[in-house]
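This briefing covers side-chain contacts and a metal site. Please look over the sequence and the structure before reading on.

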Amino acid sequence: MTTIQPRESFALTHASVIIGDAAGTTLPDTTIVVSSDGRIEQISPSTQTTIPESYRVLDATGKTVMPGLINAHVHLFSDGRPLNPKLATPRGQRITAAIMHSPIGKPYLTARVTANARTLLASGVTTIRTLGDVGYEAVALRDRIADGRMIGPRILASGPLLAIPDGHGAPLIALTGETPDDMARNTRVNLEHGVNAIKIAATGGVTDAQRLGEAGSPQMSVDHMRAICDVAHEAGVIVAAHAQSPEGVRRALLAGVDTIEHGSALDPTTVELFRHNPHALRGWSALIPTLSAGLPMTLLDRETTGITDIQLANARTVVAGMLAGVDDAHDEELRVGVGTDTAMTFVTQYNTWRELDLLVKRAGFTAAEAIHAATQGNAEILNINDVTGSVEVGKTADLLVLEGDPLLDLRVLKTPTLIIADGRPLWHPTVKRFDDMDALLDRAYRE
Ligand SMILES: [Zn+2]
């Protein structure tokens, strides 16, 4: 029997409240009242708030409350320890895919994705978008969480991504096809399985590239991707494209993709397409740079990451492009979101805060801009800003209670005191950390 996680009405009193806007607006000595349906019903100065008798009172004096983090690019199939390059070859992927889809592999995969989603939540992430799953395990997990059968992050689930034969992500986490019609059909297959996100492999990627220059080289035409966007947008679902070169980004934007994952240096054409994209669902597109996924491969030595010479050479090109892209996007005031590409080598499920830190250290963001990107900004990009992303009356209570002020030091995000997801409290959140990997990342990012 699964138990339904109960909700209760409560008030967080006397908190400093970061609302989630780009200016970093903070309300002093504020009380947030949450009803038993999980919604914020009142936000007001503590001295002027009357809390109904039956509500539980949680004193947050001296603490900061902010919106829960949103990670717009995760994978749940692994925990971030270095991936074996042998498993990233086409043969390795075929074997792994066969195991994962077998009667033995399925329960294993379910256990793994459940544990990884729990880790994300316990690290302060109250919403995730998966972008490339083995099957529809994230769809099932999304529904278990939404029904209250377990506490976890809200999930936008992509299912397998869409690729060309032997393209990026294929065959382990992709549905493949040759023609635009195939792409439209595969999009429908995913939608029929209930996905609420779509992911395209527009170009090759670092992890599974077998030759120099494969990462970033275009794998789909505008027509292929337009076919996908048309079907997804018809269903109101936004489309993400893995794109790691100027040409890959240009084609994906022309097709009407809503978010560019990783990215590369921009030019006047692509800047304009991000701002005004006639084929995107809302008429604009956003960049999700995922610095967390690229930098470890280029900053740590090869013995540590275990990547091949080809992966390293490709990573160097891709990381330079990614850094240039986020810099350009920030200068041009385009929409930039936060995603980390969890499950990739050295991208654990609990280090979303590091991406905010990297946006500040490597891309010129203020801490307020980085927090906004990971909360209200991401909610707008993912089309869920009517539900979450900011501390506002009527929104769902997705909240972090922190010991210090993240606007002064983002590291306080590492250890939230209390996490509230969809109105449900997660008391004493703890995560199992890989201390050796964290120490290496701390050192690499300090230099
Ligand atoms: Zn990814």
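The structure holds 20 salt bridges. The model is a predicted one. The points below take some of these salt bridges, then the zinc site, then contacts that involve aromatic rings.

**Salt bridges between distant parts of the chain**

- Side chains of opposite charge can pair when their charged atoms come close.
- One of the salt bridges joins the side chains of Glu332 and Arg275, at 3.2 Å from N to O.
- Glu332 belongs to the loop between helix 10 and helix 11, while Arg275 is in helix 7 (residues 268–275), so this pair ties together parts 57 residues apart in sequence.
- Glu332 is partly exposed, its relative accessible area being 34%.
- Arg275 is also partly exposed, with a relative accessibility of 35%.
- Another salt bridge is made by the side chains of Arg354 and Asp442, with an N to O distance of 3.1 Å.
- Here too distant parts of the chain are linked: Arg354 is in helix 11 and Asp442 in helix 13, 88 residues apart.
- Arg354 counts as buried because its relative accessibility is 6%, under the 20% limit for buried residues.
- Asp442, at 30% relative accessibility, counts as partly exposed.

**A salt-bridge network**

- Arg424 and Asp422 form a salt bridge in which the closest N and O atoms are 3.7 Å apart.
- Arg7, Asp422 and Arg424 are joined into one network by salt bridges that share partners.
- Arg424 is buried, at 8% relative accessibility.
- Asp422 is partly exposed, with 25% relative accessible area.

**The zinc site**

- Three protein residues act as donors to the zinc ion: His73 through NE2, His75 through NE2 and Asp341 through OD.
- These donors lie 2.1 to 2.2 Å from the zinc ion.
- The spacing of the donor residues in sequence is H-x1-H-x265-D.
- His75 and Asp341 link distant parts of the chain, as 266 residues separate them.
- His75 is in the loop between strand 6 (69–74) and helix 1 (90–100), and Asp341 is in the loop between helix 10 and helix 11.
- His75 is buried, with a relative accessible area of 3%.
- Asp341 counts as buried as well, at 6% relative accessibility.

**Contacts of aromatic rings**

- A pair of aromatic rings is described by the distance of the centres and the angle of the planes.
- The count of aromatic pairs comes to one.
- In this pair, the ring centres of Tyr350 and Phe434 are 6.3 Å apart and the planes stand at 50°, so the pair is tilted.
- Tyr350 and Phe434 are 84 residues apart, and their pair links distant parts of the chain.
- Tyr350 lies in the loop between helix 10 (309–331) and helix 11 (352–363), and Phe434 in the loop between strand 17 (424–427) and helix 13 (435–446).
- Tyr350 is buried, its relative accessible area being 3%.
- Phe434 counts as buried too, with 12% relative accessibility.
- A further ring contact involves a charge: the charged end of Arg335 sits over the ring of Trp284, 3.8 Å from the ring centre.

**The loop between helix 10 and helix 11**

- This loop recurs in the points above, as it holds Glu332 of a salt bridge, Asp341 of the zinc site and Tyr350 of the aromatic pair.

Key:
Residues are numbered from 1 along each chain as its sequence is written. This is a predicted model: local features need pLDDT of at least 70, side-chain atom pairs count only at pLDDT 80 or more; totals for chains, interfaces and linings use all residues. Side-chain values use heavy atoms; hydrogens and water are left out. Rings of Phe, Tyr and Trp (its six-membered ring) pair if their centres lie within 6.5 Å; planes under 30 degrees apart count as stacked, over 60 as edge-to-face and the rest as tilted. Helices (H or I, at least four residues) and strands (E, at least two) are DSSP runs, numbered from the N terminus. Buried means under 20% relative accessible area, exposed over 50%, partly exposed in between (1.4 Å probe, protein chains only). A charge sits over a ring if NZ of Lys or CZ of Arg is within 6 Å of the ring centre and within 35 degrees of the ring normal. Donors are N, O and S atoms within 2.8 Å of the metal (3.2 Å for Na, K and Ca); water is not among the atoms, so sites may look incomplete. A salt bridge is a side-chain nitrogen of Lys or Arg within 4 Å of a carboxyl oxygen of Asp or Glu.
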